Amino acid sequence: MLPTISTGNVASALAGEYEVANSLRFSVSDDSLSKTYSSSGNTKTWTLSTWIKRSNLDTSQNQKIFGTNYVSLSEFMVIFNNSGTDEDKINILNYTGGGGAIQANATTARVFRDPSAWFNLIIALDTTQSSESDRLKVYINGSLATLSGTIPSQNADLRWNNSSHTLYIGEGGSQAVSNFQGYQCETVFVDGTALDQNSFGEFDSDSPTIWKPKDVSGLSLGSNGFYLDYEDSSNLGNDVSGSNNWTVNQLTATDQSTDTCTNNFSVLNNLIQSSATYSDGNLTVAISSNKSLMSTIGVSSGKFYFETKINTKGSTYLGFCSERNTGANFSSYRPLTESALVNTTGNVYDAGGNTGIDSLPSIADDDIIGCALDVDNKKFWWSKNGQWYSANASSDSTINISDVEAGNNGYDFSSWTGQFVFASFGTSTNANNISVNFGSPSYSVSSPNSDANGYGAFSYTVPTNFYAINSKNLAEFG
């Protein structure tokens, strides 16, 4: 069964509420943060909290969210498991010397397979407790998770927060575990205290099933505690609560993202087309055979803008389609109904794959293709490298951005209904590679342009009254 298209984010903050500005995007092998403490903190009692949005669901190896290196048969790991009935569950493991004895091997009952949404993970450890159920607690979006497996024994010392180990965020260490792929924000460690979920978030007063973050700056974090907000692009491992800064490994300023737990941006949905090769937090995709793609967020009203960077043009078709194409038709060469696409020769394709006029000049590598989508009035426009083109001319006729803003010379799709999602298609004729920018790009934009709400980092001017595709804009206009 295909996943439901998201219409926003369960943790999107409302006006006046606590906002999270940035996240960190983990994508390629060895993207990580690392920290070796000069002295051990409390290895029996601590709390670790972060917000996570998954991207690639690696089925070949476990993905490490947190962990340590492997020293003398000892290590600590928090992973997305990939094995058997535990696939995509969170697994907390601790091995300690003496033959690598397992001190912890606890697994959640819940699975985590949604690349469209953020969730809050809190791990609270206190092995001094006499009751087993009080020694290790895991909270998911404010609710206590059901755990199975081995819970640490009373007064057990775990390897996290031990100075004999290097600690990692997003790293696989020396074991057969792959790196984490996705986004993290609001990463907090409390040394010496096991806190519950109420220290890190709260349920929305108007929507009591919605979990949202709280300002953690007032928490007492202990000697080895830290708070990583990822807001300093020149120092992504900066501990804003003190001096426990982390070393940045391979991550760069372009891995800082505005896609966060309080403003969720659209990305590509790798559950729809899992056989393509995704990277950059599901914003870049490489296609080497007939494949169709779509985004995680659909829009049913409002005006929105997105851009696509052509990395390797190949045989690329890109645009948008009705969510009704996400069934059998969507897995074919291109949707059979309710789609609007432009290909690398500049041809526009309408519903059913019919070729229209040459709307754009031919597209080359490194070109930026913009799309302004007016769902309210059922019109759309294409641009190439900031130049807009008319739907009403015989060939390649340019128009001004003011025409787009006034609703003139746009393509019409008035007969279509439902939600609309970004769509792209690649063929086996020539492999292609594209990066989609819904407002939080994976590539560097030298002079970024935002929408009127201040969201987005686009290469070219956003037409007035058109907006980036994220949960805040959807809450206001979608």
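**Contacts, cores and pocket of the predicted model**

Leu57 touches Gln63, Arg113, Asn270 and Leu271, with residues up to four places away in sequence not counted. The model examined here is a predicted one. Leu57 is placed in the loop that runs between strand 3 (45–54) and strand 4 (62–68). Pro115 is 58 residues from Leu57 along the chain, and the C-alpha atoms of the two are separated by 8.4 Å.

The protein has 478 residues, and 57% of them count as buried. Its secondary structure comprises 3 helices and 34 strands. When contacts between residues at least 6 apart in sequence are considered, 67% of them join residues at least 24 apart.

In soluble globular proteins, nonpolar side chains tend to be buried together. The largest nonpolar core in the model contains 46 residues, and the members that touch the most others are Val285, Val299, Phe320, Ile369, Phe380, Trp382 and Ile469. A second core, separate from this one, has 38 residues, including Trp46, Ile52, Phe119 and Ala145. For Val285, the contacts beyond four places in sequence are with Leu268, Ala276, Thr277, Tyr278, Leu293, Asn432, Asn433 and Ile434.

Two leucines in adjoining parts of the analysis, Leu125 and Leu136, are in contact with each other. Leu125 is found in strand 8 (residues 119–126), and Leu136 in strand 9 (residues 136–140). Leu125 has a relative accessibility of 0% and counts as buried, because the cut-off for that class is under 20%. Leu136 is also buried, its relative accessible area being 6%. Once neighbours within four places in sequence are set aside, the residues in contact with Leu125 are Thr43, Lys44, Thr45, Trp46, Arg135, Leu136, Pro152, Leu158 and Ala194. For Leu136, under the same exclusion, they are Ile92, Ala106, Ile123, Ala124, Leu125, Leu147, Ile151 and Pro152. Pro152 is thus listed for Leu125 and for Leu136. From C-alpha to C-alpha, Leu125 lies 8.6 Å from Leu48, and 77 residues separate the pair in sequence. The C-alpha atoms of Leu136 and Trp46 are separated by 10.0 Å, with the two residues 90 apart along the chain.

Backbone torsions were also considered. Most residues other than glycine have a negative phi, and most peptide bonds are trans. Asn282 has a positive phi, near 65°, and is not a glycine. This residue, Asn282, sits in the loop between strand 20 (277–279) and strand 21 (284–287). Its relative accessible area is 0%, so Asn282 is buried. Asp366 is a further non-glycine residue with positive phi, here about 80°. Asp366 belongs to the loop between strand 27 and strand 28. With a relative accessible area of 53%, Asp366 is exposed, whereas Asn282 is buried.

The loop between strand 27 (355–358) and strand 28 (368–374) also holds Ser362. The relative accessible area of Ser362 is 46%, and the residue is therefore partly exposed. Outside the range of four places in sequence, Ser362 touches Thr344, Thr345, Gly346, Asp367 and Lys384. Asn347 is 15 residues from Ser362 in sequence, and the C-alpha to C-alpha distance between them is 8.2 Å.

Cysteine pairing was examined as well. A disulfide is a covalent bond between the sulfur atoms of two cysteines. The count of disulfides in the model is 0. Cys321 is buried, with a relative accessible area of 0%. Cys371 likewise counts as buried, at 0% relative accessibility.

The largest pocket has a volume of about 360 Å³. Its lining consists of 25 residues, and those nearest the pocket centre are Ser257, Thr258, Gly439, Ser440 and Ala457. Sorted by class, the lining of this pocket comprises 13 polar, 10 nonpolar and 2 charged residues.

How values were computed. Residues numbered from 1 in each chain as written. Predicted model: local features only at pLDDT ≥ 70, side-chain atom pairs only at ≥ 80, totals over all residues. Heavy atoms only, no water. 1 Å grid on protein atoms, 1.4 Å probe; cavity = no way out; pocket = protein on both sides within 12 Å on 5 of 7 lines; lining within 4 Å. Points joined across faces, edges and corners; volume = space filled by probe spheres on them. Nonpolar A, V, L, I, M, F, W, Y, C, P; charged D, E, K, R; others polar. Core = buried A, V, L, I, M, F, W, Y, C linked by side-chain atoms within 4.5 Å. Buried < 20%, exposed > 50% of the residue type's maximum accessible area, 1.4 Å probe, protein only. Contact = heavy atoms within 4.5 Å. Disulfide = S-S within 2.5 Å. Helix = DSSP H or I, 4+ residues; strand = E, 2+ residues; numbered from the N terminus.
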